[in-house]
Amino acid sequence: MKQSRFYSLWVILVLLIVACGGAPSSNNTRFVPYPEEAQVLGLVNAFRSQARACGAQQFAAAPALTWVEAVGDAAWFHSIDMGRANSDSHQGASTADRLRARGFDPGPVAEHRSRTRLPANPNDAFSAWAADPVACANMMNPTFTVMGAGLWGEYEGGNTTGLAFWTHILTTPRSTTPPPTPTPILSISPTTSTVTVGGSAIAFSATLTNSTASISWILVGPGSLSATTGVNTSYTPPTAGGASTAIVSARAGDLTATAAITINAATPIPTLDITPIQATVNVGGAAITFTATTNTNQTIGWALGANSPGSISSTIGNTTSYTPPATGGAGTAFLCAAVSINLSKCATITINAAAPTLTVSPITATTQVGGANVIITASSNQVSWSMTGPGTFSWAGSTFTYIPPTSGNGGTTTVTATLGTLTASAVITITPPAPPPPPDLAPFLALINEFRSQPRVCMNGAVAENMPAVPPVAFQDQLNTAARLHSEDMAANNYFSHTGLNGSTFVTRIAATGYTGAPQGENIAAGNANVQGAFDSWRNSNSGHCQAMMSASSNEIGLGYGFNSSSQWTHYWTLVFGKRN
């Protein structure tokens, strides 16, 4: 069939060329569409007959389109231009201008293009358009009422591309006006209403036509709504307050309908309240304040019920204070407020017997290790005493004597007096003892220089080493600082080592002081309370301390001392050696 159609169209094309003096131009027209083009019309109308989604857009089914010859011609000649350019992009004048050139005045217009392999199959082009969200939305657009399609390359000679070129145009004649969209209308019933404070609820309903928008309810003013969505809601007036107004609004999209509500004040029921309505006090205890409130304009009077112990501070006014009895046992009192014979209210006061008490004095005290005793006194002489913490004690009846420790670093001691189920405690803070005055380091220089002035025998384990006399040394401030800091660090952190807790050595510690000479060595000692003891420990050492003091490579020294009574050795000594030319 395509072969016979090819020959018949070829004859027509020859006649057109002869008649027009050349190849087809954009001003030519055809007599009938190709069958493949007509099939596009059927495919599109079948596509429009069902609701569907195009990308994120939802479309209802749309009316069928009508084939218009001028629109089909515009599509066909555009396909010819695409075939000549071997391109599926738009060629030449705009789609609207092509339609106007054929006497068709378009309104909205859409154009789809495609290239498919020969033989031409309209399903190939249509499937590509249906899969594209934009082309899909155009084909489902109810605004479009007519269409045309053009195929080039199947029947024409001179097509060497092996492709068919398709153009699909959708439009609406400008004179065709779509039917007006019905105007949405929202109404509310009733539109006015009158209620009373504390009164019954009233129902409201909303009616929405020509729209499927959701209805919501909004209240401006006192009261509440039973529902905030749907076609019905109920308004409940406020339970308290005076006269006022409220507005109930129904909203659907951009539409709003309102109802005005007039709220009349309710006739108040006289009320009287007491705060607190119940209370508990102790015999001889503190007073408690009561407050009365009323919605009347009458004066409030106060009185204690018959046989109620205690007293009140005032018999008239909004407040009064109740003072429990100073003596006696447990009982009950009634405190009543009244504004009239018919309106009164009473509070119930439970009176407990006076609770036994136990106190100690003082409740805090401070002493020092080895310092003065602390005397604690209880309010009863029937108590027993206990203590937790450093120190010792003695007691007799209501008097407790705390004796602080004579050594250690102090701390906290708690003293407790007990009488039956009652307890009372005092806290004693024991401060550390005052450190002894630091030893005088100056004599050490004479000791070491006298030692260096003569030959000495120093032990290295069990081996005796003869050390010749060497020149004297001198104290140097930076070496003194390095020695002192290491001694204080050992004392404070309770360790004994040439290596500091931070990994430092005598070399790094001396360098940190800015000493410009060369560090030569270090002696440390612990447990000696004075310079002579430290010197003797190094002189009698068999592990290199004696040799260090007799070394000719040192001409400067630094000596440092640290103290901590709670550390293992209490006294810590450091001697460092250096040399400068």
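The link between Cys 336 and Cys 346 is a right-handed disulfide, with 105° about the S-S bond, and its sulfur atoms are 1.9 Å apart, a disulfide being a pair of cysteine sulfur atoms within 2.5 Å. Cys 336 lies in strand E21 (residues 331-340) and Cys 346 in strand E22 (residues 343-352), so that the pair ties together parts that are 10 residues apart in sequence; helices (H or I, at least four residues) and strands (E, at least two) are DSSP runs, numbered from the N terminus. Cys 346 is partly exposed, with a relative accessible area of 35%, where buried means under 20% relative accessible area, exposed over 50%, and partly exposed in between (1.4 Å probe, protein chains only). The model is a predicted one, in which local features need pLDDT of at least 70 and side-chain atom pairs count only at pLDDT 80 or more, while totals for chains, interfaces and linings use all residues. Residues are numbered from 1 along each chain as its sequence is written, and side-chain values use heavy atoms, with hydrogens and water left out.

A search of the whole structure finds three disulfides, and these follow the pattern 1-2, 3-4, 5-6 when bonded cysteines are counted along the chain. In the disulfide formed by Cys 54 and Cys 136, the sulfur atoms are 1.9 Å apart, and the torsion about the S-S bond is about -60°, so this disulfide is left-handed. The pair links distant parts of the chain, since Cys 54 belongs to strand E1 (residues 52-54) and Cys 136 to helix H6 (residues 133-139), 82 residues apart; both Cys 54 and Cys 136 are buried.

The disulfide that joins Cys 458 to Cys 546, with an S to S distance of 1.9 Å, is left-handed, with -55° about the S-S bond. Because Cys 458 lies in strand E31 (residues 456-460) and Cys 546 in helix H11 (residues 545-549), this pair ties together parts that are 88 residues apart in sequence. Cys 458 counts as buried at 0% relative accessibility, and Cys 546 is buried with a relative accessible area of 1%.

The largest nonpolar core, a set of buried Ala, Val, Leu, Ile, Met, Phe, Trp, Tyr and Cys residues joined through side-chain atoms within 4.5 Å, has 33 residues, of which Met 147 and Trp 166 touch the most other members. The elements that give two or more residues to this core include helix H2 (35-48), helix H3 (69-85), H6 and strand E5 (146-152), whereas E6 gives the most, with five residues. A second, separate core of 22 residues includes Phe 444, Ala 534, Cys 546 and Leu 559.
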